[in-house]
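Biologist: Please take a close look at one pocket of this model and follow its lining outward into the contacts around it. I should like the pocket, the charged pairs, the aromatic pairs and the sheet treated as one connected picture.

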Amino acid sequence: MIFSKLTKLILVATLLALGCATAPPLDVGWQPVEDSTELTAMARRAFDLVNAHRTARGLRVLKWDARIVPVARRHSAAMAQGRRPFSHRHFQSRAQEIRRFRPFSKCSENLALNYGHADPAARALQSWRASASHREAMEGVFTHTAIAIAKSAAGKYYFTQLFVRAR
């Protein structure tokens with residue numbers, strides 16, 4: 001009887017300790033599987049492809065806003081590290097963060113996930129063009145953008161592009 005109560009007590013204490021454990025904080029720095037030069041160049045290529053798409057449709061080109069990059073990087077890194085699902089969840093918090101340094105009248109987001117392609121940036125653009133809602137964001141009345149990419153240990157590329165229409 002005493003052993004049974006002691007076993008239960010140890011089990012409950014262990015479960016409580018595990019349940020209260022928190023995950024280590026998100027690391028937005030470059031991970032060992034990432035090449036910062038590759039991902040920065042890839043983000044720039046995706047930006048150029050989006051602007052080429054806009055130009056072909058008679059739309060104004062977007063300006064790069066480097067201040068938006070860390071906001072996009074946090075989301076891409078969280079998805080690549082398995083901290084968040086691949087989704088637009090918490091987009092409003094990313095928009096509010098941008099609003100602190102760049103007042104805007106409109107904000108939107110495009111995500112892409114791909115792997116196994118020779119040109120992940122071109123594949124991201126292809127995916128965005130194939131989706132009505134993503135194409136709408138890409139062709140929207142925005143003025144500024146930034147793109148950040150993170151790479152998972154499995155070699156998957158997570159793109160986050162944020163768009164704003166500055167006031």
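**A pocket and its surroundings**

Modeller: Twelve names need to be kept in view here: Val28, Trp30, Leu39, Thr40, Ala43, Arg44, Trp64, Val69, Arg73, Ile147, Ala148 and Ile149 line the second largest pocket. Helices α2 and α3 and strand β3 (144-151) are the elements that each give two or more residues to this lining. Of these, α2 has the largest share, with four residues. Sorted by class, the lining has nine nonpolar residues, one polar and two charged. The volume of the second largest pocket is about 180 Å³. The model is a predicted one, and every value given here is to be read in that light.

Arg73 is one of the lining residues, and its side chain leads to the charged pairs. It meets the side chain of glutamate 34 in a salt bridge, with 2.7 Å from N to O. Arginine 73 belongs to helix α3 (residues 69-80), whereas glutamate 34 sits in the loop between α1 (2-20) and α2 (36-56), so the salt bridge ties together parts that are 39 residues apart in sequence. Both arginine 73 and glutamate 34 are buried.

A second charged pair involves the loop that precedes α3. Aspartate 65 forms a salt bridge with arginine 102, and the closest N and O atoms are 2.8 Å apart. Here too distant parts of the chain are linked: aspartate 65 is in the loop between β1 (63-64) and α3, arginine 102 is in the loop between α4 (91-99) and β2 (104-114), and 37 residues separate them. Arginine 102 and aspartate 65 are both buried. The contact belongs to a network of salt bridges that links Asp65, Arg67 and Arg102.

Helix α3 takes part in a further charged pair. The side chains of arginine 74 and glutamate 97 form a salt bridge at 2.0 Å, N to O. Since arginine 74 lies in helix α3 and glutamate 97 in helix α4, this pair ties together parts that are 23 residues apart in sequence. Arginine 74 is partly exposed, its relative accessible area being 28%. Glutamate 97 also counts as partly exposed, at 23% relative accessibility. In total, the structure has seven salt bridges.

The pocket also leads to the aromatic pairs, through Trp64 in its lining. There are four aromatic pairs in the structure. In one of them, phenylalanine 47 and tryptophan 64 are edge-to-face, with 5.1 Å between centres and 80° between the planes. This pair joins helix α2, which holds phenylalanine 47, to strand β1, which holds tryptophan 64, across 17 residues of the chain. Phenylalanine 47 is buried, with a relative accessible area of 6%. Tryptophan 64, at 28%, is partly exposed. Another edge-to-face pair is made by tryptophan 128 and phenylalanine 159, whose centres are 6.4 Å apart and whose planes stand at 90°. It too links distant parts of the chain, namely helix α5 (residues 120-130) with tryptophan 128 and strand β4 with phenylalanine 159, 31 residues apart. Tryptophan 128 is buried at 1% relative accessibility, and phenylalanine 159 is buried at 0%.

Phenylalanine 159 brings the account back to the pocket. In β4 it stands opposite isoleucine 149, and Ile149 is among the residues of the pocket lining. The strands concerned, β3 and β4 (residues 157-166), pair in the antiparallel sense over eight bridges. They are part of an open sheet of four strands in the order β1-β3-β4-β2, with mixed pairing. Strands β1 and β2 are the edges of this sheet, each pairing on one side only.

For comparison, the largest pocket has a volume of about 210 Å³. Its lining consists of Arg54, Leu59, Arg60, Val61, Lys63, Gly140, Val141, Phe142, Thr143, His144 and Arg165. By class these residues divide into four nonpolar, three polar and four charged, whereas the lining of the second largest pocket has nine nonpolar, one polar and two charged.

How values were computed:
Residues numbered from 1 in each chain as written. Predicted model: local features only at pLDDT ≥ 70, side-chain atom pairs only at ≥ 80, totals over all residues. Heavy atoms only, no water. Salt bridge = Lys/Arg side-chain N within 4 Å of Asp/Glu carboxyl O. Buried < 20%, exposed > 50% of the residue type's maximum accessible area, 1.4 Å probe, protein only. 1 Å grid on protein atoms, 1.4 Å probe; cavity = no way out; pocket = protein on both sides within 12 Å on 5 of 7 lines; lining within 4 Å. Points joined across faces, edges and corners; volume = space filled by probe spheres on them. Nonpolar A, V, L, I, M, F, W, Y, C, P; charged D, E, K, R; others polar. Pairing = 2+ DSSP bridges. Phe/Tyr/Trp six-rings, centres within 6.5 Å; stacked < 30°, edge-to-face > 60°.
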